[in-house]
Amino acid sequence: MFSIINLEKFLLNQRSVLIAYSGGLDSSVLLHQLVQLRDRSSDFNLRAAYIDHGLHDSSKLWIVHCQNQCNIWKVPLVVQSIQVNIKKYGLESSARQERYNALYRILLSEEVLLTGHHQDDQCETVLLALKRGSGPAGIAAMSPQRSQRGRHHFRPLLTYTRKALEELANHHGLIWIEDESNHNMRYDRNFLRLQVVPLLKKRWPYFSKTVSRSARLCGEQERLLDEFLSETLNSLIDSSNSLNYIPLLTMSYARRSALLRRWISYQYNGELPSCDGLQRIWTEVIMSRPDANPCLKIGLREVRRFRSRLYYIESRTSLIDVKLLWERPWKPLLLPDGLGQLTQSSNGIALRYPVTNISVNIRFYSCGIYKILGRSRSRSLKKIWQEYKIPPWKRTRIPLIFYGEVFIAAVGVFITLDGLPKIDQKPWCVSWSSLLLNKN
């Protein structure tokens, strides 16, 4: 029988917890146990989070159930609605990814995240990994504890079956939500839960337990690999989290694949790339011709190469055709796609003051030959970007100022000779404030 003592030992010195609470059996049992732990410890802080995927007609009723239960137990509840992009990885995978993204946004720095995954969930996850042809990392499935980039995620119920949780819930008179979509065979996990696993358990009663043991052993092997490869991986990564791929050229296929997988998974919390995906990173990005600008899309991200480094960046909307008119008196100009705004500011770059009959417009792409401040001769804009070591995908996200059709400046990077302030005139100063300025 599950006990509060085991939960207290599992959390060790953690005193602030955020639980993912859906109102279902497993999260209801876990929340109940946490409430008992809180009532025994004066310094224990507990919050709950309900993530509404907006995929079920009853989700609003479920929110009310969770709010009522949290009110009874005096647990603060955060309700967060999310949008699931089913084109990304499919419905189930996309919903899971967006759910965790939302939970991590809610999670406070001093909190750990707890989810109610149990032993039967683990068994289903391993079988799904086998169906996809996953290696040891995929078969390791869900770990009891996971730490990544300062965030800690615990699954304290992984050694308990759903049947054991039902017995505990009934013993304490708990009420939980039964999601009727859990009986929809369209979903792979439901098919396994309702059709496959019961048949396997009929033949082998302890099937879920032994599968979970296999997952744990694979997880141990992966953690051992982490230890062996961590020093090498850290030596290849810089402050921007880009990867120096040159040393990979002399490594075995197995070693370089393990490093690439960890770079994507641990540094960026990305989906584990498939064997085919890893091979394509190697052949289409790393091994493409030296003068190429390779780009490999993986979900909503891209693997790019610049100079001797790999970058794993978010895919962005193209701004090549965007042209913004900035009219007098030049109030703050909002830039597209979250790029911030341009403002007149004494701290900005000093430009030639625009004459009255010339329009000021902002673009994100140009080509041609220009002479810039600090250079003795003219050169192509492509060469200028290269001299400033700006990767191709960032070049079309830097606002370019034009007076009419005359290129004046790339804000924050350089000024052309046509943009230099005249000695006997007051300059026009422009500043760019951007939340994304330092991102890949």
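**Why these labels? A predicted model, point by point**

Q: Why is Cys218 called buried in this predicted model?
A: Cys218 has a relative accessible area of 19%. Buried means under 20%, so Cys218 counts as buried.

Q: What makes Cys367 count as buried or exposed?
A: The relative accessibility of Cys367 is 55%. Exposed means over 50%, so Cys367 counts as exposed.

Q: How do you know that Cys218 is in no disulfide?
A: A search of the whole structure turns up zero disulfides. For Cys218, the nearest cysteine sulfur belongs to Cys123, and that one is 14 Å away. A disulfide needs the two sulfur atoms within 2.5 Å, so Cys218 isn't in one.

Q: Why is Gly374 called exposed, and where is it in the chain?
A: Gly374 is in the loop between strand E15 (369-370) and strand E16 (379-380). Its relative accessibility is 68%; exposed means over 50%, so Gly374 gets that label. As for Ser143, it is 231 residues from Gly374 in sequence and 55 Å from it in space, C-alpha to C-alpha.

Q: What makes Arg363 count as sitting over the ring of Phe402?
A: The charged end of Arg363 is 4.1 Å from the ring centre of Phe402. The distance cut-off is within 6 Å, along with an angle of within 35 degrees of the ring normal. Arg363 is listed as sitting over that ring, and 4.1 Å fits the distance part.

Q: Which aromatic cluster does Phe402 belong to?
A: Phe402 shares one aromatic cluster with Tyr370, Trp385, Tyr388, Phe407 and Phe414. Over the whole structure, the search finds 14 aromatic pairs.

Q: What makes up the largest nonpolar core?
A: That core has 34 residues, and those with the most contacts inside it include Leu11, Val17, Leu31 and Val75. Among the elements giving two or more residues to the core are helix H1 (4-11), strand E1 (16-20) and helix H2 (25-40). H2 brings the largest share, seven residues.

Q: How many domains is the chain divided into, and where are they?
A: Here's the split: domain 1 (4-217), domain 2 (237-314) and domain 3 (323-433). The C-alpha centres of domain 1 and domain 3 lie 51 Å apart.

Q: Where does the name "Lysidine-tRNA(Ile) synthetase C-terminal" come from?
A: It comes from UniProt, where an unreviewed entry places that domain feature at residues 360-432. Over residues 360-432, the chain is 15% helix and 33% strand, with the end C-alpha atoms 15 Å apart.

Note on methods. Residues numbered from 1 in each chain as written. Predicted model: local features only at pLDDT ≥ 70, side-chain atom pairs only at ≥ 80, totals over all residues. Heavy atoms only, no water. Buried < 20%, exposed > 50% of the residue type's maximum accessible area, 1.4 Å probe, protein only. UniProt positions renumbered as here; feature names shortened; annotations may be inferred. Helix = DSSP H or I, 4+ residues; strand = E, 2+ residues; numbered from the N terminus. Phe/Tyr/Trp six-rings, centres within 6.5 Å; stacked < 30°, edge-to-face > 60°. Domains from an automatic or database assignment. Core = buried A, V, L, I, M, F, W, Y, C linked by side-chain atoms within 4.5 Å.
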